[in-house]
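This report walks through one structure, from a buried residue to a metal site and a few backbone oddities. Please look over the sequence and the model first.

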Amino acid sequence: MRLGGLLAVTMVLILPAAAADWSYEGSAGPEHWGNLADGYEACAIGVEQSPIALVTGDASPAQGPVLELDWSPFVPHMLDNGHTLELQANGLGGGVDYDGVRYELLQMHLHHQSEHAIDGEHAPLEAHFVHIAEGPKLLVVGVMLKPGEANETLGQLFSLWPDTVSDVVVGDTEVDLRTLLPPSSASFRYQGSLTTPPCSQIVSWVVMSEPMTVSADQIATFTDRYPHNARPLQPSHGRQLSLVAP
Ligand SMILES: [Zn+2]
């Protein structure tokens, strides 16, 4: 796969116009995203939007597809993109095979509070591991981060947080993102969208049903910089939701 070419397309479909200013509240908040710029219409009229409420009782127990992750350690490039802290992987961190498609890890970022809710509960943080395949289409692995023991990898990433929006800080040791994955591979699966403009409906969502822990200090480190960067829950419109057990 030519990730370079894919990234160019990504700029248009996923990361358009850093230009059109959107935010999480006020006149550029989520309820206005659809009107902020050409190309953002799906945010308002799409019927496969994310995030959604993940309810165990509503999910059909299913067999697969198997999520075959082959993430590998890589040197982190950290960007503060003005909406969140983002770890740029750009194909260096391995990827995932899913339902016969090969996806490369593109980036990881965080939301506070969690965007998805599991059985009515939001976690303080949700990590999104964004993977891209030709199409382009995306597969995002979501992991809930709850208060408990600190996560060393997250600490490593936070130590590289740029002082200025749009700056990138490059680490001098590799990070291993597998340490941010829960031991159980049980996960909710559904078809949805980006949770930020342009809200493109090209995302296979895999949200791990078990959380990982991070320390209260780590949660505070994030929320000091981003006190609110979560899109509200969107209607399911009868979409299929599955819960795939290991
Ligand atoms: Zn996200």
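L157 has a relative accessibility of 1% and therefore counts as buried; buried means under 20% relative accessible area, exposed over 50%, and partly exposed in between, with a 1.4 Å probe and protein chains only. This is a predicted model, in which local features need pLDDT of at least 70, side-chain atom pairs count only at pLDDT 80 or more, and totals for chains, interfaces and linings use all residues. Residues are numbered from 1 along each chain as its sequence is written, and side-chain values use heavy atoms, with hydrogens and water left out.

**Around L157**

L157 sits in helix α4 (residues 152-158). Helices (H or I, at least four residues) and strands (E, at least two) are DSSP runs, numbered from the N terminus. Neighbours within four places in sequence aside, L157 touches P76, M78, L85, L87, M108 and V175; contact means heavy atoms within 4.5 Å. Its C-alpha atom is separated by 11 Å from that of Q218, 61 residues apart along the chain.

L157 also helps to line the largest cavity, along with M78, L85, L87, M108, H109, L110, L154 and F158. Elements giving two or more residues to this lining are β5 (85-88), β7 and α4. The cavity has a volume of about 40 Å³, and the count comes to 1 cavity of 30 Å³ or more. On a 1 Å grid over the protein atoms alone, a cavity is a set of points where a 1.4 Å probe fits but cannot get out; lining residues have an atom within 4 Å of a point. Grid points are joined across faces, edges and corners, and a volume is the space filled by probe spheres set on the points. The lining divides into 8 nonpolar, 1 polar and no charged residues. Here Ala, Val, Leu, Ile, Met, Phe, Trp, Tyr, Cys and Pro count as nonpolar, Asp, Glu, Lys and Arg as charged, and the others, Gly among them, as polar.

**Zinc site and strand β9**

Which residues coordinate the zinc ion? H109 (NE2), H111 (NE2) and H128 (ND1) do, at 2.0 to 2.1 Å. Donors are N, O and S atoms within 2.8 Å of the metal (3.2 Å for Na, K and Ca); water is not among the atoms, so sites may look incomplete. H111 lies in strand β7 and H128 in strand β9, so the pair ties together parts 17 residues apart in sequence. H111 is buried at 2% relative accessibility, and H128 is buried at 1%.

Strand β9 (residues 125-133) has 9 of its 9 residues buried. Strands pair if DSSP finds at least two bridges between them. β9 runs antiparallel to β7 (residues 101-111), with 7 bridges, and antiparallel to β10 (residues 137-147), with 9 bridges. H128 stands opposite H109, and its bridge partner in β10 is G142. β9 and β10 form a hairpin with 3 residues between them.

**Backbone details**

In the β9–β10 turn, G135 has a positive phi of about 145 degrees. The table lists two cis peptide bonds.

| Cis bond | Omega |
|---|---|
| H112 to Q113 | near -5 degrees |
| G135 to P136 | about -5 degrees |

Q113 is in the loop between β7 and β8 (117-118). P136 is in the loop between β9 and β10.

N90 is not a glycine, yet has a positive phi of about 50 degrees. N90 is partly exposed, at 39% relative accessible area. S166, also not a glycine, has phi near 85 degrees. S166 is exposed, at 57% relative accessibility.

Terms used
On a 1 Å grid over the protein atoms alone, a cavity is a set of points where a 1.4 Å probe fits but cannot get out, and a pocket is an open set with protein on both sides within 12 Å along at least five of seven lines; lining residues have an atom within 4 Å of a point.
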